[in-house]
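Let's take a walk through a protein model together. Have a look at the picture first, then read on.

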Amino acid sequence: MVTQRIPTSEPTIRVGIILPEDEQTHLDINLLDPTKYQLVAHTRTIELDSTSTITRVEINNDGLLVTGANVDEVFPSKFTIQRKKQTEDQIPKNLIQIHPIVAGRSFHWRKIVTAELPGNIEFNVRNGFLMVIDEVPLEQYLMCVATSEMSAACPTTFIETQTIVARSWFLAKAEQKHSDLGIDVCNDDCCQRYQGAGNLTDHSVEGTKSTYGQVLMYDGEICDARYSKSCGGMTEGFENVWKGESVPYLSSIPDMPAEYKSDDLSLSDENKARDWIMSNPEAYCSPRYVPERQLKKYLGSVDEECSYYRWSLEYSQREITDLINHKLSLNARSILGFIPERRGASARLIELGIRYIDLKNQEGVHHLRSEYEIRQVLHPQFLYSSALVVIPEKVQAGIPGRFKFAGAGWGHGVGMCQIGALGMAQMGHSTNDILTHYYPGSSLNKIYS
Ligand SMILES: [Zn+2]
Ligand SMILES: [Zn+2]
């Protein structure tokens, strides 16, 4: 295990905005105030102003072609749009608009957005495609994350909570998904959603500033504070979603007020899991605390409008067979059914058997062995959650004509439940109450000021 470094002052971080996997070859740029910037490459520096600015970057044979008003240059490999004066601004200003940017890379909510970015922007070429990196002070990054993950309309308590959690997750650096690309994080749900400063409001900025430098700690280390959209009423244990030992502050907890908690919530039991998913327990993330019609206002602008707490989905026999054959390179003629083999503490499936007959009419079972794999295989993009019950319908000669999926929650369910935290904030719980509810045993510490 890597020993954690705890920073004593605010770090500047590198966020991947466009990655080689986006296979992007050009982008449009709009500098809201060009006089504030200069273009710096290995070979030279170009001062920008109101008459000379850049509007487009594209890959050409010799490197990066940069064009705009009175600018037409090719840089061999890399250049940066730098702020002339590295001011001590605490709030993102003089933003750089970049379009197009992919949001929800490879998820079912994939969209193209425009980002308005603070910091310095580095452009380079990787594997023949564009790579764009935002070098930004951590606190400005966090301001943007809070209003990209959820909307600025959320109560202050929620924004503070989300910011402390995002700061802790970032500084714990437990995941490091992109170290090969020379960045700390990407801009997307794979790490934390970061769409720039376009959605900031005074109120959301305040929520970040009031928690400056605060992190959750456990046993002398910054907590790897995982979170997801909706737990479905019970959070999941770390060890059921990721490989490794259980983590004390990421253990499963019922996401509800004490009066509703019962001792009977052992949801790894198949019958109990089924009853749980098919019912509507009064959890903080349930419509009782956050009515569905309010969610639109509170969710980030790229989230789909739909049911997060309890959802359903249907596939015809043809659709599910095609989907599974495609995802698993299987040769199934028909899918006969699904065997729940192991569930985690939140009723999320962590092992699932798929019964099928192949083209030679031989029966087989294919085993999916993780929450991630189950979500990856059972949806054309990515299934909302693996807390689900499959109900076969219109069965003829042992072969279902349709499958109905009934599910609970959205995301992996480990750590903070964002919609539940919103429900708690609306009930008047404090930031500290919400954090200790989702991360039992952790404490809040200020590591820099
Ligand atoms: Zn990432
Ligand atoms: Zn929840």
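Is Asp-255 buried or exposed? Asp-255 has 0% relative accessibility, and anything under 20% counts as buried, so buried is the answer. Keep in mind that this is a predicted model.

## The zinc site

Asp-255 has a job to talk about here: its OD atom coordinates the zinc ion (ligand 2), along with the SG atoms of Cys-231, Cys-285 and Cys-417. These donors sit at 2.1 to 2.3 Å from the metal. What shape do they make around the zinc ion (ligand 2)? The 4 donor atoms subtend angles of 101 to 117 degrees, and since four donors count as tetrahedral when all angles lie between 85 and 135 degrees, the arrangement is tetrahedral.

Along the chain, the donors of the zinc ion (ligand 2) follow the spacing C-x23-D-x29-C-x131-C. Cys-231 and Asp-255 both lie in the loop between strand S16 (227-228) and helix H4 (270-277), so this pair ties together parts that are 24 residues apart in sequence. Cys-231 counts as buried because its relative accessibility is 1%. Cys-417 is buried too, with a relative accessible area of 1%.

With cysteines around, you might wonder about disulfides. A disulfide is a covalent bond between the sulfur atoms of two cysteines. How many disulfides does the structure hold? The count is 0.

## Strand S11 and its partners

Now turn to strand S11 (residues 120-126). Of its 7 residues, 5 are buried, so S11 is largely enclosed by the rest of the structure.

S11 pairs with strand S8 (residues 78-83) in the antiparallel sense, over 4 bridges. Here you can find Lys-78 standing opposite Asn-124 in S11. S11 also runs antiparallel to strand S12 (residues 129-137), and 7 bridges join these two. One spot to look for is Phe-123, whose bridge partner in S12 is Val-132. S11 and S12 form a hairpin with 2 residues between them, and Asn-127 in the turn has a positive phi of about 50 degrees.

## The nonpolar core

Phe-123 turns up again in the largest nonpolar core, which has 138 residues. The residues with the most contacts inside this core are Phe-79, Ile-98, Phe-123, Tyr-141 and Tyr-439. Which element gives the largest share of the core? That is helix H2 (residues 156-172), with 9 residues.

What does Ile-98 touch? Leaving out residues up to four places away in sequence, its contacts include Ile-18, Leu-27, Val-113 and Ile-121. Phe-123 and Val-132, the bridge partners from the hairpin, are also among the residues that Ile-98 touches.

Technical notes:
Residues are numbered from 1 along each chain as its sequence is written. Chains are lettered from A and ligands numbered from 1 in the order in which they are written. This is a predicted model: local features need pLDDT of at least 70, side-chain atom pairs count only at pLDDT 80 or more; totals for chains, interfaces and linings use all residues. Side-chain values use heavy atoms; hydrogens and water are left out. Donors are N, O and S atoms within 2.8 Å of the metal (3.2 Å for Na, K and Ca); water is not among the atoms, so sites may look incomplete. Four donors count as tetrahedral if all angles lie between 85 and 135 degrees; four count as square planar and six as octahedral if opposite donors are over 155 degrees apart and all others between 65 and 115; anything else is irregular. Buried means under 20% relative accessible area, exposed over 50%, partly exposed in between (1.4 Å probe, protein chains only). Two strands pair if DSSP finds at least two bridges between them. A nonpolar core is a set of buried Ala, Val, Leu, Ile, Met, Phe, Trp, Tyr and Cys residues joined through side-chain atoms within 4.5 Å. Contact means heavy atoms within 4.5 Å. A disulfide is a pair of cysteine sulfur atoms within 2.5 Å.
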